[in-house]
Amino acid sequence: MTDRVVLATHNPHKVEEFRQIVQATRPDLTVIGYDGPEPVEDGVTFAANALIKARAAAAYTGLPALADDSGICVDVLGGAPGVFSAYWAGHRKDATANLELLLDQLSDIADPHRSAQFVSTIALVMPGGAEHVVEGVWPGRLALAADGSGGFGYDPIFIPDGQSGAERTVGQFSAAEKNAASHRARAFAELGPLLGEL
């Protein structure tokens, strides 16, 4: 049994988001950031990339490792950017450039053809080699322009389905609102029983 799990990312936003999600269901479990070498993410699916990262972190730290590979999948683009979400505008991982490029590519596309979903695939790899993969999907559509300064990545242009009242982008959500409904929260809900084994 352990009370620590390493999150295989160098993205501080993801670490904080995971800590808040985990805290809501497993307050006894501490999520620590990963400071080891970054593996080459050469998978062509979210699951493949999540496993690559989790395996590397588990091997490097000797701890159970979680890794999330996630992105935004736009229906009219055949599911793109998908696994290329972080690099959509090039290898600099420039979130603002990625968002602006996606908006530009969809500039002539009107509702109801702007449907999209955030997808999160989380891999849990144990030091002994056991592996589990879960997925969470958050359906919605893309706004015509960015709105809100919360969250990160594509949050300011994603309008989740199922909102009551005036619709907002995730960039306008509080951290608590996002963490309760997001694709990562949905994937983590599937992972919860497996974390009981830690």
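Helices (H or I) of at least four residues and strands (E) of at least two are taken here as DSSP runs, numbered from the N terminus. Counted in this way, the protein has five helices and six strands. The model is a predicted one, and the paragraphs below move from its overall form to a few local features. Read from the N terminus, the order of the elements is β-α-β-α-β-α-β-β-β-α-α. The radius of gyration is 17 Å, close to the 16 Å that the globule rule gives for 198 residues, so the protein is as compact as a globular protein of that length. Taken along the principal axes, the box filled by the C-alpha atoms is roughly 50 × 35 × 25 Å.

A few totals help to fill in this picture. Of the 198 residues, 46% count as buried. Among the contacts with a separation of 6 or more, 62% are accounted for by residues 24 or more positions apart. The surface that the protein exposes comes to about 9,300 Å², and carbon and sulfur atoms supply 54% of it. As for charge, there are 14 positive and 25 negative charges, and the mean positions of the two sets are 3 Å apart.

Aromatic side chains are a good place to look next. Ring centres have to lie within 6.5 Å for a pair to be counted, and by this rule the count comes to five aromatic pairs. One of them joins Trp138 and Phe173: the ring centres are 6.2 Å apart and the planes stand at 65°, so this pair is edge-to-face. Trp138 belongs to strand 5 (residues 131-142), while Phe173 sits in the loop between strand 6 (158-160) and helix 4 (175-181), so the pair ties together parts that are 35 residues apart in sequence. Both partners can be placed by accessibility as well. Trp138 is buried, with a relative accessible area of 2%, and Phe173 is buried too, at 13%. The two residues are also members of one aromatic cluster, formed by Phe118, Trp138, Phe158 and Phe173.

Strand 5 holds a further residue worth a look, His132. With a relative accessible area of 23%, His132 is partly exposed. The C-alpha atoms of His132 and Leu191 are 8.3 Å apart in space, although the two residues are 59 apart in sequence.

The loop that follows strand 5 leads on to strand 6 and contains Asp147. Asp147 counts as partly exposed, at 39% relative accessibility. Once its neighbours within four places in sequence are left aside, Asp147 is in contact with Pro156, Thr169, Gly171 and Gln172. For one of these partners, Thr169, the C-alpha to C-alpha distance from Asp147 is 6.5 Å, with the two positions 22 residues apart in sequence terms.

Several backbone details fall in the loop between strand 3 (65-74) and helix 3 (95-105), where Pro81 is found. The peptide bond from Ala80 to Pro81 is cis, and its omega is near 0°. Gly82 has its place in the loop between strand 3 and helix 3 as well, and Gly82 is buried, with a relative accessible area of 6%. Apart from neighbours within four places in sequence, the residues in contact with Gly82 are Phe46, Gly71, Ile72 and Cys73. Gly82 and Val44 are 38 residues apart along the chain, and their C-alpha atoms are separated by 9.4 Å.

Lys93 lies in the loop between strand 3 and helix 3 too. Its phi is near 55°, a positive value in a residue other than glycine. Lys93 is partly exposed, with a relative accessible area of 41%, whereas Gly82 is buried.

A further cis peptide bond runs from Asp111 to Pro112, with omega near 10°. Pro112 is placed in the loop between helix 3 and strand 4 (115-125).

Methods
Residues are numbered from 1 along each chain as its sequence is written. This is a predicted model: local features need pLDDT of at least 70, side-chain atom pairs count only at pLDDT 80 or more; totals for chains, interfaces and linings use all residues. Side-chain values use heavy atoms; hydrogens and water are left out. Rings of Phe, Tyr and Trp (its six-membered ring) pair if their centres lie within 6.5 Å; planes under 30 degrees apart count as stacked, over 60 as edge-to-face and the rest as tilted. Buried means under 20% relative accessible area, exposed over 50%, partly exposed in between (1.4 Å probe, protein chains only). The radius of gyration is taken over C-alpha atoms; the globule rule is 2.2 Å times the number of residues to the power 0.38. Contact means heavy atoms within 4.5 Å. Accessible areas come from the Shrake-Rupley method with a 1.4 Å probe; for residues, only the protein chains shown count as cover. Lys and Arg count as positive and Asp and Glu as negative; His and the chain ends are not counted. The place of a charge is taken as NZ of Lys, CZ of Arg, CG of Asp or CD of Glu.
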